[in-house]
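Hi,

Here is the structure I promised to pass on. Have a look at it first, and my notes follow underneath.

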Amino acid sequence: MTNLPANRMQKPAAKPRPIAPPAEWTVAESAELYGIRSWGAGYFDINQNGDVAVTVPTGNGPAGGQRVSVSLMELIRGMKHRGLQMPALLRLDNLLEAQIALLNESFGRAMKTLGYQARYHGVFPIKVNQQCAVIEEIARAGGRYGHGLECGSKAELLIALAYLQPGDGHIICNGYKDEEFIDLALQSLRLGFKCFFVLETPTELPIILEASRRLGVRPMLGVRVKLAAEVEGHWNESSGDRSIFGLTTAQIVELVDALREHQLLDCLQLLHYHLGSQIPNIRDIRGGVLEACRYYVSLRQEGAAMGYLDLGGGLGVDYDGSQTNSNHSKNYSLDEYCTDVIETIMTALDRTGVEHPVLISESGRATVAYSSILLFNILDVTSYEPQGSAPVVPEDEHELVRNLREVLEGISIKTAKECYNDAMFYRQEIRDLFRRGQIRLRSLSLAENIFLHIVWGILAVLQKAKRVPAGFDDLEESLADIYYGNFSVFQSLPDVWAIEQVFPIIPVHRHAEQPTRRAILADITCDSDGKVDRFIESGGLRRSLPVHPFVEGEPYYFGVFLVGAYQETLGDLHNLMGDTNVASVRIHADGGFEFAREMSGDSIADVLSYVEYQPQRLLEQLRRTAELAVRNERITLAQRQALLESFSASLRGYTYYED
Ligand SMILES: Cc1ncc(COP(=O)(O)O)c(C=O)c1O
C-alpha cells in the first residue's frame, strides 16, 4: 500500500498504537526487541534506568582488569556541556584498544594451543578510518603487540611513517605505487622501518628495481596473488579470477624469474591476498587460506625467501547479531576465525616441511566498527493516523465517498481482505475524480481520512487474529510513522544508501517504557533516498522500527552503532551537510570519563569553501544588494544591519538543525 495521506504531528500522539497489548514493560524486553545483546558484543547493553550503556575493559588486554559501564545519556550530557550539539559522532577510545587487544590475543592463544611456530602481527588498513584520532590511538594501543599499518596510497604512507617507530609494527604498502611512493618507502628501510612493497601489478617491478639500484637499498618485497577462491557477501568481486588486483600465476612465475635474474629473490618475503571485506562465511575464509598456502609453498620451493603470509582483510562484523552468513553478519567467532586460519596453514605447510610464516592480517572493519556511534535527535514526526472519530459523510457527498464510508462499517476478521480491496478501489477512483476536476479538495480529504480509518480498523482486527491472511504482510510497515532525524544519511551513513548496509539503530534512552509506535527514519537532506528503512528487530530484519511516541519539546535521541569503519570518509556533502561534531571519549577504571578530543563539525563557510565558494565574497554580494535596497528605501539601515549579521552568523553556524 502506498501514498497514504500524511498528518504532520505537532503534538504528542493522542492514542499511540500498541505493538503488543499494553503491559508492564521491562528493559530486558527492550534489549530483546532491539537485539542489543546479540550485536552489542558485550560492549553495549541497556542499564536499569533504561539508557543504552557502553561497557569497556579498562585494564590491559581485552578482558584486562575491570569492566566499567557508562550511560550514553551521560556522555550526551557531557557533550552538551561542552557545546557539542547533535548530530555528533562519539568515538570510544577504549573500544579501539579493546579490539586491537582482542585480535592479537585471540591469534596468540590459537597459535599457542595449536603449536604454531611463528608470530602474528596485525596491520590496520588506514583506508578503513583515516581520522587522526583513530590512527593515533591504534598506533598507541597496537604498540604492545607490534601492530602496524597498511597503506594504499602515498598519503597513507606518510601517516604510517609519522605514527610508527622503526622498531614497531610492519608497514604494508598495497595499491598502485609510483616512483615517489617507492623512493620514500625504500628510504624508510634505512631507518629500520619494516616496510613491504606488495606488488599488485607487474608494472611496479621495473620502478622498484630502478629505485632500489639508484638508492642502494634492497627492498622488502611481497606479492599479491589473485586467488581463484570466491567469497559470498557484498564484496565478492574482490575475489576470483576477475578481481582487479593481484598477479596471475603466469605473472608470478615471470616475477620470480625477474627477481632471480636481478639477484633479488631473497627480497621476496611476503605473500598477500585479499578476498574482500566482510566475509560472512568461515568456509570461504578457510578456502582462501588453503589456496594461498599452496602459492606460499610454491614460492618457497622456487627459492624465494618468504617468511610472511598476509591474509588481507575480510574478518566480518556481526551487524545484525544473527551469527549467520547473511551479508550483515558472520557465521564465526573471532576465536574460530583465528583457530581455523592457523589450523589450515599448519595442515597445508607441515606436510611440505616449509616453516610456519609470520602471520599478518589487515583487519580494518573488525578493529574499528565498534568504536564509533552516530548520535542524533528527532526533530519532528509525520504520522499516518486517521483524524478524529469515524467521519460523518453528508448526504450530498459523492456516491464513491459514501460507498467508501460504508466499507468502514463492515470490518471483521472474515471480511478484512474484501474491505481492504474495496477501500483500495474506491480510494483510487476518488483520486482519479479529483485529478479530472470532478470532486473538490474537501471531498478528497474526507475520503483519505475514511481510508485511514479503514486500514487502521483492519490492522486492529488482524492483530487479534490467530492467523493473518495473505496479502497483509506490509500493511503495518506502510502505516509506520516517519521520524525526522537530525543527520544526513549521505554524510554519516553512506553505506546505508549505497549498498543497503544494515547498522543497529536504537533509541539511546526511554527503554523502561514500551515503544508503542513503528517508524522509519528520514534525514534532513530532503532527498527521497535520505532515509533508513531497514532495521534489526527481535533477531530479524524489518522495514520499520519500534519507537517511543515523540513528545514535542522533549529530546529523543537515537544511536547508530558500529559505524567506525568506512563511513566517515566515504560520506559526501549532499545538500551541503558537512562533517558532524566529533567527541573522543576515554572511560577510566573508576567509571569517570574524559573528553580526550572535541572537534567541531564543519561550519557552513567550511562546506561552501569545499565547493569553491568564497564565503567572504558571498557576504560582499549580499551587502551590495542590501545597500541598494536601503537606497531605494525598501529596508532601513537597521534592517540592513540585522540581515547582514544573520548572514554572517549563518556562515559560522553548524550545517545541521540547531536548537
Ligand atoms: C587490501 C585490503 N586490505 C584490507 C582491507 C580491509 O578489509 P576489512 O575492513 O574487511 O578488514 C581492504 C578493504 O577492503 C583491502 O582492500
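The centres of domain 1 and domain 2, taken over C-alpha atoms, are 60 Å apart. Bear in mind while reading that this is a predicted model. As for where those domains sit, the assignment for the protein chain puts domain 1 at 91-370, domain 2 at 399-476 and domain 3 at 615-652.

Now the ligand, which is probably where you'll want to look next. There are 16 residues around the ligand, and the ones that come nearest are Ser277, Glu362, Gly364, Arg365 and Tyr566. Sorted by character, that shell has three nonpolar, eight polar and five charged residues.

Several backbone atoms come up against ligand oxygens:

- Gly364 has a polar backbone atom 2.7 Å from an oxygen atom of the ligand.
- Arg365 places a backbone N or O atom 2.9 Å from a ligand oxygen.
- Gly314 has a backbone N or O atom 3.0 Å from an oxygen atom of the ligand.

How much of the ligand's accessible area does the protein cover? On its own the ligand has 400 Å² of accessible area, and the protein covers 90% of that.

Next, a run of strands and helices that is easy to follow on screen. Start at strand S6 (residues 123-125), which pairs in the parallel sense with strand S7 (residues 148-151) over three bridges. If you want a residue to zoom in on, Pro125 stands opposite Glu150 in S7. Between these strands comes helix H5 (residues 132-142), and S6, H5 and S7 together form a right-handed β-α-β unit.

S7 also runs parallel to strand S8 (residues 171-173), and three bridges join S7 to S8. Here Leu149 has Ile171 in S8 as its bridge partner. To get from S7 to S8 the chain goes through helix H6 (residues 154-163), and this β-α-β crossover is right-handed as well.

Two backbone details are worth a click too. Which peptide bond is cis, with omega near -5°? That's the bond from Met86 to Pro87. You'll find Pro87 in the loop between helix H3 (72-81) and strand S5 (88-92). The other detail is Gln278: its phi is near 50°, a positive value in a residue other than glycine. Gln278 is in the loop that links strand S11 (268-272) and helix H10 (282-301).

That's what I have for now. Shout if anything is unclear.

Cheers

Definitions and conventions: Residues are numbered from 1 along each chain as its sequence is written. This is a predicted model: local features need pLDDT of at least 70, side-chain atom pairs count only at pLDDT 80 or more; totals for chains, interfaces and linings use all residues. Side-chain values use heavy atoms; hydrogens and water are left out. A residue is near a molecule or strand if one of its heavy atoms lies within 4 Å of it. A polar contact is a pair of N or O atoms within 3.5 Å; within protein, one must be able to donate a hydrogen and the other to accept it, and residues adjacent in sequence count only if both atoms are side-chain atoms. Accessible areas come from the Shrake-Rupley method with a 1.4 Å probe; for residues, only the protein chains shown count as cover. Ala, Val, Leu, Ile, Met, Phe, Trp, Tyr, Cys and Pro count as nonpolar, Asp, Glu, Lys and Arg as charged, and the others, Gly among them, as polar. Two strands pair if DSSP finds at least two bridges between them. Helices (H or I, at least four residues) and strands (E, at least two) are DSSP runs, numbered from the N terminus. A crossover is right-handed if, with the strands pointing away from the viewer, the path from the first strand over the helix to the second runs clockwise. Domain bounds come from an automatic or database domain assignment.
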